Amino acid sequence: MSDSPGLMDAPSFSGCFHCGLPVPEGAQYPIQFEQQARQACCRGCQAVAQTIIDSGQGAYYTHRTALPATPQQAETELAQLGLYDLPEIQESFVRVEQENIREAALILENIVCAACIWLNERHIAGLPGVLSVEINYATRRARVRWDNSRIQLSAILKAVSDIGYIAHPFDPGRSDDVFKRERNTAIKRLAIAGLGMMQVMMYALPTYTATDMTDDVRLLMSWASLILTIPVVVYSAWPFFLGAWRDLKRRMLGMDVPVALGIGTAFLASVYATFSGPDAGEVYYDSVTMFVFLLLAGRFLEMNARRRAGAAVEELVKLIPAATTRLPNWPARDEEQVPVARLAVGDHVLVRPGETLPADGVVVDGDSAVSEAMLTGESLPVSKTLHDQVVGGSLNQASPLVVQVEKLGADTRLASIVRLLDRAQSEKPLIGQLADRAAAWFVGLLLVITTAVGLVWYAIDPSKVLWIVVSILVVTCPCALGLATPAALTTATGRLTRMGLLTTRGHALETLARATDLVFDKTGTLTHGQLSVRRVVPLEGRGEHEVSALAAALEAGSEHPIAKALRTGVAQPPSADQVRNTPGRGVEGVIAGRTYRIGTPAFAARSEQPPAPPQQDGGMSWVALADDTGLIAWFALADTPRADAAASLQALQQMGLRLHLLSGDGEAAVQNTARQLGIADWHAGALPEDKLAYVTSLQQQGRIVAMVGDGINDAPVLAGAQVSIAMGEGADVAQAAADMVMLGGRLATLADGVALARKTQKIIRQNLGWALGYNVIAIPAAALGYVTPWIAGIGMSSSSLLVVLNALRLSDFKSSSHEAAADAQPAYAPGR
Amino acid sequence: MDILLLLIPLSLVLVGVIAWIMLWAARSGQFDDLEGPAHSIVMDDDSPPKTDDRPPP
């Protein structure tokens, strides 16, 4: 520190001049900045800083508000850059404009503040051959156009990595472009409606207030209003007419029907009044335009809320890298760079530290820590060693891994998570369907009431009929009824995904909020599921190694935690044939001509009176191994509860939920766990059928059961419970059957999930209550002729806007258990 | 009051012009990023590359 006087001038960024990390003792990487020598921590930072300063963009260092990442990561990707020049790789993300003009969508990593955007824009735009560059601050996405005869894409990417950022191609084929187009159209419709509304209101206000207005001026104003309202009705309100037409074609009464009817009637009536002169009746142009504008504004807000929920999906999609290092002649170490699209199942890939795994697979060489944070929300890296499964999209952090590819593309876990999220967001939840049905009834009722009121008024005063009918149609607000549920649900789903609880079914939130009983599986749910063999007791004079090898051979194909534990530590198990798995009981198979059975004592010994394990103490599960002659060994397995299990369960109990523990394990182990975690209701030795029967009996008592579990043997009971939550680490079958998936394996998210689900339910009820209450007051008032069209417009629009704003409160939901974790995350996002 | 006969048509023309500008702005991507420009306005790039006052290597 003594030899770096320059650092004294930059107290906020002590340490390395570029990245802020501590400078190692004896490191000599000086940087000249504003005639002073600064110290960098490594050669990477030195090179980056020098590049930035030399190209005249040193202002970055005075403007930045957050520190960048160390550029090491960028260097590992450098070798792959040349690949991006291949036409077949460019196909998916590069648009060819003319002969040599290309445009590509890139994602920039390591962007932490606005200064980074400025720096990248300046730097890329300064390259010869680059025609234009635009970087979107909100999405961190860059759009670059260049002349391919003067510069190659790899040179642009390299220039970006020279200043310490990573640019990689973004495949715009997905939702992004669609959303952008939709949003653009929505903005245009909104703009037209907004302008129309403002100007029509300008003409309308004098007619309400002025007393000395001549008829010709009044007529001129109606004509001007008419001209302005035509584009609003024809262009801005087009989606409502389209929706209404679609509803009618399907012989249904949706939200759009009365909206379209109201807009249409009010508009046509106003047109009639305008054409037939000043005495024919009032004009409603102001109501029509305002009505359209506020409805569109509500929909626009809702679209953005939905987008925020969808952002989680998109983040996941871009995790898989575009290129990877293949080892074609494994175990020989010769490398080649290939695009991920060209990988095949069975290929070996080398994943260096700092690289992202391209596919699901199994580790065949190396020992490292892998971060699955993007997939699960779990921030701590997971250690991976020989034979461990790794998931595509996770980041290798410690040392090189050689991975044999097992699943690619659409088969990977990442792809299935994305599919589940997509499904949840496209599915209409039960309460939403109910609201739709209620709204359809409401609309039908509304049309009947309107007709009746119209007939009554025809008898009293025929000149008022049209206006009262329009007033009723305008003032009632089925759109608030329609917005009430989806707005709340999308906001809540997005919030939950960010907390690590993935909703895969539309009805999940609603049912979770009403749940009265929570049933837990033990292994892998309340405990880590990483069982380990604590004791081996060989019988009949067998050797410990021999029985361990037999057990490992039988369990070689199973995902069950017990199987994993029995496999660990056995290097070369013999192979077993005719393996038959009986869920909840055990496995049978033939090894070297002899039949072996492993599992519960009753299963292994094939008897109704199972032999007793050698020792009955708490916390251990005993697994028996037998051949045709009888038992040959006992294995004692133990597991530890998750760190947050006790606190989370206590929180759930305080919410008034009854907790149950069902496990296929032995009585002692289950009792031990139940006592540790404070669960009064526990059942040991439960088979999948027993678990299902237990859940069904609870349901017959009128309880609403939420099942939390993992593993294949939980699939039937997960499907049987009203709402099911699977642990994200569990077998994939369980996830497909589950309504929600706990991605990080943190039980604490469950309590948050229940709290948020209840809050969502409350907000939905508030919204529906408001929408109904409003109509109960508004319809009679309008029917009696007390509501002017002007008031009707304001009333109906503000009621729908209020509903959406109320729903958006859910996005601020503070997680009780994660506040500390959320605060610990880098708070770089300015403008929040 | 007669002035209104001129002003009202004039306001219509104005609205038309504004609407055209809005549509053009939406089409050319002015609304694509509503966050970044707020930050980029404080970053001025009027400091030229300091190639000549840098000490020779």
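# Exercises on a two-chain predicted model

Five bridges join strand S18 (residues 517–521) of chain A to strand S25 (residues 658–662) of chain A, and the two run parallel. Keep in mind that this is a predicted model. Let's work through it.

**Exercise 1. Find the neighbours of S18(A) and place S18(A) in its sheet.**

Step 1. Start with the S25(A) side: here A:Phe520 has A:Leu661 as its bridge partner.

Step 2. Now look at the other neighbour. Strand S27 (residues 705–709) of chain A pairs with S18(A) in the parallel sense over four bridges, and A:Ala706 in S27(A) stands opposite A:Leu518.

Step 3. Zoom out to the whole sheet. It is an open sheet of seven strands in the order S17-S29-S28-S27-S18-S25-S26 (chain A), with mixed pairing. Its edge strands, each pairing on one side only, are S17 (501–503) and S26 (681–683) of chain A. From one strand to the next, the twist averages 20°.

Step 4. Where does the antiparallel part show up? One place is S17(A), which three bridges join to strand S29 (residues 740–742) of chain A in an antiparallel run. In that pair, A:Leu502 stands opposite A:Val741.

Step 5. Add the helix. Helix H24 (residues 688–700) of chain A packs on the sheet and touches S18, S25, S26 and S27 of chain A, and its direction makes about 160° with that of S27(A).

**Exercise 2. Work out which way the residues of S18(A) point, and whether they are buried or exposed.**

Step 1. Recall the general rule: side chains in a regular strand alternate between the two faces of the sheet.

Step 2. Apply it. A:Asp517, A:Val519 and A:Asp521 point one way, while A:Leu518 and A:Phe520 point the other way.

Step 3. Check the cover. Five of the five residues of S18(A) are buried, so a residue here has 20 or more other C-beta atoms within 10 Å of its own.

**Exercise 3. Describe helix H9(A) and how it crosses H10(A).**

Step 1. H9 (residues 238–249) of chain A has 12 residues, and from first C-alpha to last it reaches 17 Å, close to the expected 16 Å.

Step 2. The axes of H9(A) and helix H10 (residues 256–275) of chain A come within 8 Å and cross at roughly 125°. That angle makes H9(A) oblique to H10(A), and the crossing is left-handed.

Step 3. Who touches whom? On the H9(A) side, the residues include A:Phe240, A:Phe241 and A:Leu248; they meet H10(A) residues, among them A:Val257, A:Val259 and A:Ile263.

Step 4. Just after H9(A), look for A:Arg251, which takes a positive phi of about 55°.

**Exercise 4. Where are A:His387 and A:Ala592, and are they buried or exposed?**

Step 1. A:His387 sits in the loop between strand S13 (382–384) and strand S14 (389–390) of chain A. Its phi is near 70°, a positive value in a residue other than glycine.

Step 2. A:His387 has 12 other C-beta atoms within 10 Å, so it counts as exposed.

Step 3. A:Ala592 lies in the loop between strand S21 (586–591) and strand S22 (594–599) of chain A. Though not a glycine, A:Ala592 has a positive phi of about 50°.

Step 4. With 11 other C-beta atoms within 10 Å, A:Ala592 is exposed too.

**Exercise 5. How many helices and strands does each chain have, and what share of its residues is buried?**

Step 1. Chain A has 29 helices and 29 strands, and 46% of its 832 residues count as buried.

Step 2. Chain B has two helices and zero strands, and buried residues make up 5% of its 57 residues.

Technical notes
Residues numbered from 1 in each chain as written. Chains lettered and ligands numbered in written order. Predicted model: local features only at pLDDT ≥ 70, side-chain atom pairs only at ≥ 80, totals over all residues. Expected span 1.5 Å × (residues − 1). Pairing = 2+ DSSP bridges. Axes fitted to C-alpha atoms, helices over the stretch in contact; angles between N-to-C directions. Contact = placed C-beta atoms within 7 Å. Parallel < 35°, antiparallel > 145°, perpendicular 65-115°, else oblique. Left-handed = near helix turned anticlockwise from the far one by under 90°.
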